[in-house]
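Here is a walk through one model, with an eye on how its chains meet and what sits inside them. Have the structure open and follow along.

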Amino acid sequence: MREIEAGVGQISLVDHHVHGALREDVGRETLESSLTESDRPIPGWMTQFDSPLGFAVRRWCAPVLGLERHASAENYVARRAELGAREVNRRLLSAAGVGHYLLDTGYRGDAILDLAGMTEAASAPVGEIVRLETVAEDLAVSGVTARDFVRRYPEVLAERTATSAGLKSIVAYRHGFGFDPCRPDGPETEAAAGEWLRAVETTGTARVEDPVLLRFLLWSGLDRGLPLQLHTGYGDPDLALDRCDPLLLTPWLKLAEPSKVDVMLLHCYPYHRQAGYLAQVFPHVYFDVGLAVNHTGVSSAAVLAESLELAPFAKILFSTDAWGPAELHYLGALLWRRGMSRVLGTWAADGDVSPADALRVARMIGAGNARRVYRLPG
Amino acid sequence: MREIEAGVGQISLVDHHVHGALREDVGRETLESSLTESDRPIPGWMTQFDSPLGFAVRRWCAPVLGLERHASAENYVARRAELGAREVNRRLLSAAGVGHYLLDTGYRGDAILDLAGMTEAASAPVGEIVRLETVAEDLAVSGVTARDFVRRYPEVLAERTATSAGLKSIVAYRHGFGFDPCRPDGPETEAAAGEWLRAVETTGTARVEDPVLLRFLLWSGLDRGLPLQLHTGYGDPDLALDRCDPLLLTPWLKLAEPSKVDVMLLHCYPYHRQAGYLAQVFPHVYFDVGLAVNHTGVSSAAVLAESLELAPFAKILFSTDAWGPAELHYLGALLWRRGMSRVLGTWAADGDVSPADALRVARMIGAGNARRVYRLPG
Amino acid sequence: MREIEAGVGQISLVDHHVHGALREDVGRETLESSLTESDRPIPGWMTQFDSPLGFAVRRWCAPVLGLERHASAENYVARRAELGAREVNRRLLSAAGVGHYLLDTGYRGDAILDLAGMTEAASAPVGEIVRLETVAEDLAVSGVTARDFVRRYPEVLAERTATSAGLKSIVAYRHGFGFDPCRPDGPETEAAAGEWLRAVETTGTARVEDPVLLRFLLWSGLDRGLPLQLHTGYGDPDLALDRCDPLLLTPWLKLAEPSKVDVMLLHCYPYHRQAGYLAQVFPHVYFDVGLAVNHTGVSSAAVLAESLELAPFAKILFSTDAWGPAELHYLGALLWRRGMSRVLGTWAADGDVSPADALRVARMIGAGNARRVYRLPG
């Protein structure tokens with residue numbers, strides 16, 4: 001067990017789906033709001049610190065900030081303010097032991113560190129993951145005709161991702177997975193784009209929700225040829241969770257298979273067993289349980305154990321999906337190491353797997369698989 | 001571990017969803033039928049005692065009745081008859097350690113103790129939970145026009161629940177959750193009521209199944225303003241389990257949110273992880289795994305562990321959903337204490353949570369959250 | 001724990017759903033392909049030995065072939081070739097300790113041992129399970145009119161299954177469970193048969209996919225009166241997993257109940273909790289987690305534990321669903337014994353269940369229930 005724990009502790013992880021750490025100091029309210037997927041105000045009769053994730057912050061992050069384990073929420077918040085955002089980031093990011101980050105820059109970039117900021121704060125190389133929908137929305141507000149939107153989107157995507165590691169779709173949030181899996185044809189796409197662009201002009205804001213357009217983006221993403229991440233499962237209440245079961249993607253995954261583009265199913269909870277099935281039967285499908293590890297806290301070992309039930313070990317990845325507080329960047333890595341050590345250590349202790357194989361599995365999932373798929377050095 | 005176990009053992013529980021204990025002595029056949037959600041006769045080649053719940057009765061209830069643990073089913077049934085219903089109720093209900101019951105009085109009230117009977121048998125305060133559908137059916141058989149039904153239902157509900165702790169909907173049983181989430185308008189409701197009342201007159205029995213009427217009841221329940229319980233997940237074969245995934249309530253939960261009425265998702269198994277998600281992201285959503293704790297018996301600790309994965313601890317409740325044999329009232333409490341002690345004790349023993357926090361979580365889930373939501377004294 | 005383990009180890013199992021072992025020697029590529037439900041070529045950058053099932057082969061089968069535990073894949077494949085198919089089959093099948101096999105002969109029978117071959121290789125009685133679809137496809141290619149197809153199918157089925165132990169449907173693969181549950185009428189069936197037979201004549205191949213015909217086969221199967229197995233849940237990518245949730249069969253199960261035919265839900269993963277619910281509430285419904293035990297390898301104890309949560313113990317069965325490499329016949333039995341010993345041994349060690357009851361449960365699930373349902377001697 002100790003041998004496995006030590007070995008897993010030394011893995012230089014690749015966090016293949018993560019966002020930037022906070023730029024500035026935040027107060028307790030903002031911090032608490034970042035410890036839940038709820039976007040509602042936290043009611044006065046409760047605190048988000050009384051949750052698996054909140055307990056994990058007090059248990060594991062407190063010592064990194066120089067406090068006792070299980071420090072009170074009050075003391076934790078005070079100490080965080082005392083140290084300041086820069087020092088908090090430095091301590092937690094370096095404690096995470098992540099050797100390479102792939103940063104999704106498409107969500108509320110103003111509040112968090114960008115590629116350069118994360119590279120400096122984490123002292124590690126940082127690649128970029130570009131959201132298909134963000135590129136489309138940027139193009140829409142630039143003032144373009146429907147015909148030009150359809151023609152230029154692939155070009156703009158290629159330019160925008162010239163040095164990117166991968167793409168991401170949030171069709172889960174915008175429609176769910178019950179869409180027609182086929183590539184939409186030109187006239188159909190142009191008609192949908194025309195309707196959308198008129199709405200953009202009227203409202204001054206661009207949020208792509210039309211299923212024809214969302215499919216056009218997905219297929220354009222496949223054409224681009226980079227690994228394509230999809231949010232699946234658990235997320236904020238902007239999505240309908242039952243429509244985000246990755247199994248609902250099966251028809252599209254079959255159509256996407258000939259493109260040879262690797263499809264990375266993110267998070268997946270509570271449908272991670274379903275994701276394991278998809279990763280077993282389709283050569284181009286991978287998955288992680290990123291977001292769920294942080295939010296299930298002390299119970300994350302059970303989720304990780306389930307993620308190891310069915311898929312070949314070459315098809316499972318590590319990510320944190322951390323956004324904002326560097327606590328999430330640190331805990332995502334810490335809880336993964338802790339949970340994997342427990343699960344793989346038990347396998348080895350019971351004689352089911354050799355210690356060498358157990359460690360090899362941890363290295364594949366923690367770094368090796370991502371390095372292969374995204375063609376990262378090292 | 002022992003400290004946690006002792007502390008959890010001393011919690012005066014609030015069973016926020018339960019039914020009355022049996023009034024009279026029952027034979028083996030009736031007893032066995034109460035140990036399953038099946039409403040079919042138990043085949044001659046099996047006994048319901050050979051189940052997780054049946055094993056739990058022989059293990060835990062036998063000593064309360066003065067038998068050895070693991071007593072045979074024959075001896076158990078004989079001893080039960082020897083003691084008589086009154087003494088069996090007294091022993092098992094007092095062993096449960098429940099300090100406050102909220103009693104759903106809407107199902108087969110003739111066979112079980114009513115509010116006064118439970119108050120006496122359990123020596124504890126008992127509040128009432130009123131079923132929306134039962135109030136509607138009582139009104140329908142009273143001889144009322146469709147227009148009057150629509151006008152008077154809210155009034156009758158208010159009268160019937162003047163001193164109640166909460167409401168309950170069994171739309172799960174009557175239609176499932178795939179309903180139009182919007183409040184139905186007056187003419188639509190009146191038309192549906194007219195059709196139903198004609199059927200009631202013809203058949204002499206009232207069972208509300210029309211989705212328009214069920215929605216009218218739900219929305220009238222929200223107007224009433226009391227905490228609103230919904231059966232979700234596992235139950236008898238009168239429901240279609242796949243239509244009782246609480247995620248299917250998401251659109252309605254969003255529309256119900258502005259009412260500020262607390263919505264209590266009951267049971268939820270095997271969709272309790274999905275319920276944990278809803279309880280995390282929506283401030284007005286709570287859940288329990290009541291019925292599943294009893295029926296999974298020795299495995300209930302695993303179900304409880306999963307119920308603690310995602311939701312803030314302020315959003316999880318304890319219930320037994322016991323109906324009939326007081327074995328269910330006792331086991332629901334015993335298995336909850338045993339399972340929570342094991343899960344929280346492991347958390348504390350592994351250093352993930354402080355013993356004080358572990359006990360605090362047990363007290364919130366076992367009593368405090370229900371006292372806050374239902375505004376109970378103590 | 002040791003007492004339970006020893007007792008479970010001595011059970012002469014009934015594998016109620018299995019296929020033949022390989023007839024001939026196979027190379028590494030074919031062997032690896034048999035360790036996954038994927039029907040795609042295994043990519044060059046991975047090996048199927050790096051999976052829970054692959055690890056289990058190296059851990060448990062290697063010693064049976066005279067190698068060290070955790071032997072490398074290379075050494076394993078070389079040793080297998082050295083011993084030859086006949087000796088490999090003899091060693092692994094006798095190590096499985098299965099006392100009775102029920103063989104599904106309807107899938108790729110050319111590559112695997114038939115009834116006589118298995119009887120000899122395993123030194124155990126072998127009964128037959130006949131696929132409804134295979135009988136229909138054989139009849140279709142024999143040159144028959146639509147009217148004769150409808151009239152003769154029940155007769156041919158009766159002849160083909162004169163000495164069979166049971167029937168099997170793969171409607172999961174051919175359509176999924178979202179079908180009209182009612183028995184189709186004669187004209188409707190004849191029309192569908194006509195269309196299909198014309199296609200059979202044109203293409204020269206018969207694969208029944210029409211939902212009307214599939215329902216006709218199911219209902220004809222119920223008429224035949226033998227226990228009826230249905231593939232549910234996990235399988236190869238020829239199925240859409242979300243359409244194979246056994247809960248979707250609920251309407252058909254209700255209509256089938258009066259026939260008194262026992263319905264055996266196979267595999268069920270990841271919907272095995274849902275299957276446990278169906279087995280609890282419907283007297284004629286049984287289930288196993290066959291295929292999932294092999295493929296989850298070291299994690300199979302967790303799947304088995306979940307399969308024991310809700311159903312009466314008289315309604316759960318053992319199977320391996322092994323097809324091809326005798327490693328699967330052996331591991332299915334070995335992992336079941338190992339997982340059940342762990343789960344039931346923990347129950348007994350914690351005092352929740354008596355050791356005698358724990359062993360009794362193992363014997364019911366491992367053999368007794370199948371002997372009762374299929375009316376096997378012993």
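## Where chain B meets chain C

Let's start with a pair that spans two chains: B:Arg58 and C:Asp357 form a salt bridge, with N and O 2.6 Å apart. Keep in mind that this is a predicted model. The B:Arg58 pair has company, since the interface of chain C and chain B has six salt bridges by the rule used. Polar contacts add to the picture, with 16 residue pairs between chain C and chain B, both partners at pLDDT 80 or more. On the chain C side, the elements that each give at least two residues to the surface touching chain B are α13 (272-281), α15 (300-307) and α17 (355-373). Sorted by type, the residues on that side of chain C come out as 18 nonpolar, four polar and eleven charged.

How much area is buried between chain C and chain B? It's about 3,000 Å², and carbon and sulfur atoms give 55% of that. Chain C puts 33 residues into the contact and chain B puts in 37 residues.

Another cross-chain salt bridge to look at is B:Arg338 with C:Asp352, at 2.5 Å from N to O. B:Arg338 sits in helix α16 (residues 326-349) of chain B, while C:Asp352 is in the loop between α16 (326-349) and α17 of chain C. Are the two ends buried or partly exposed? B:Arg338 has a relative accessible area of 23%, so it counts as partly exposed. C:Asp352, at 6%, is buried.

## Where chain A meets chain B

Over to the other contact of chain B. Here 37 residues come from chain A and 33 residues from chain B. Together chain A and chain B bury about 3,000 Å², with 56% of it on carbon and sulfur atoms. For context, interface size is often quoted as the accessible area lost when the parts come together.

Six salt bridges are counted between chain A and chain B. One of the salt bridges in the model that links these chains pairs A:Glu306 with B:Arg273, whose closest N and O atoms are 2.8 Å apart. There are also 15 residue pairs in polar contact between chain A and chain B, again with both at pLDDT 80 or more. Which elements of chain A give two or more residues to the side that touches chain B? They are α3 (52-64), α14 (290-296), α15 (300-307) and α16 (326-349). The largest share, five residues, belongs to α3(A). By type, this side of chain A splits into 16 nonpolar, ten polar and eleven charged residues.

## Salt bridges inside a chain, and a network

Counting over all chains, the structure has 87 salt bridges. Take C:Asp148 and C:Arg151, which meet at 3.0 Å, N to O. These two are three residues apart in helix α8 (residues 146-160) of chain C, so about one helical turn separates them. Both are partly exposed: C:Asp148 has a relative accessible area of 26%, and C:Arg151 has 45%.

C:Arg183 and C:Asp223 also form a salt bridge, at 2.9 Å from N to O. C:Arg183 is in the loop between α9 (171-174) and α10 (186-203) of chain C, and C:Asp223 is in helix α11 (residues 211-224), so the pair ties together parts 40 residues apart in sequence. C:Arg183 is partly exposed, with 44% relative accessible area. Then there's a network: salt bridges with shared partners join A:Arg273, A:Glu306, A:Glu309, B:Arg273, B:Glu306, B:Glu309, C:Arg273, C:Glu306 and C:Glu309.

## Inside the protein

Now for the nonpolar side of things. The largest nonpolar core has 431 residues, and those with the most contacts inside it are Phe149 and Trp252 of chains A, B and C. Zoom in on B:Trp252: beyond its neighbours within four places in sequence, its contacts include B:Phe179, B:Pro181, B:Trp219, B:Leu230 and B:Val263.

B:His267 is worth a stop too, in strand β6 (residues 263-267) of chain B. Its relative accessibility is 0%, so B:His267 counts as buried. The B:His267 side chain makes a polar contact with the side chain of B:Asp321 at 3.4 Å. Leaving out residues up to four places away in sequence, B:His267 touches several residues, among them B:His17, B:His231, B:Tyr234, B:Asp288 and B:Asp321.

Terms used
Residues numbered from 1 in each chain as written. Chains lettered and ligands numbered in written order. Predicted model: local features only at pLDDT ≥ 70, side-chain atom pairs only at ≥ 80, totals over all residues. Heavy atoms only, no water. Core = buried A, V, L, I, M, F, W, Y, C linked by side-chain atoms within 4.5 Å. Buried < 20%, exposed > 50% of the residue type's maximum accessible area, 1.4 Å probe, protein only. Contact = heavy atoms within 4.5 Å. Buried area = accessible area lost by both parts, 1.4 Å probe. Salt bridge = Lys/Arg side-chain N within 4 Å of Asp/Glu carboxyl O. Polar contact = N/O pair within 3.5 Å; in protein donor to acceptor, adjacent residues only side chain to side chain. Helix = DSSP H or I, 4+ residues; strand = E, 2+ residues; numbered from the N terminus. Nonpolar A, V, L, I, M, F, W, Y, C, P; charged D, E, K, R; others polar.
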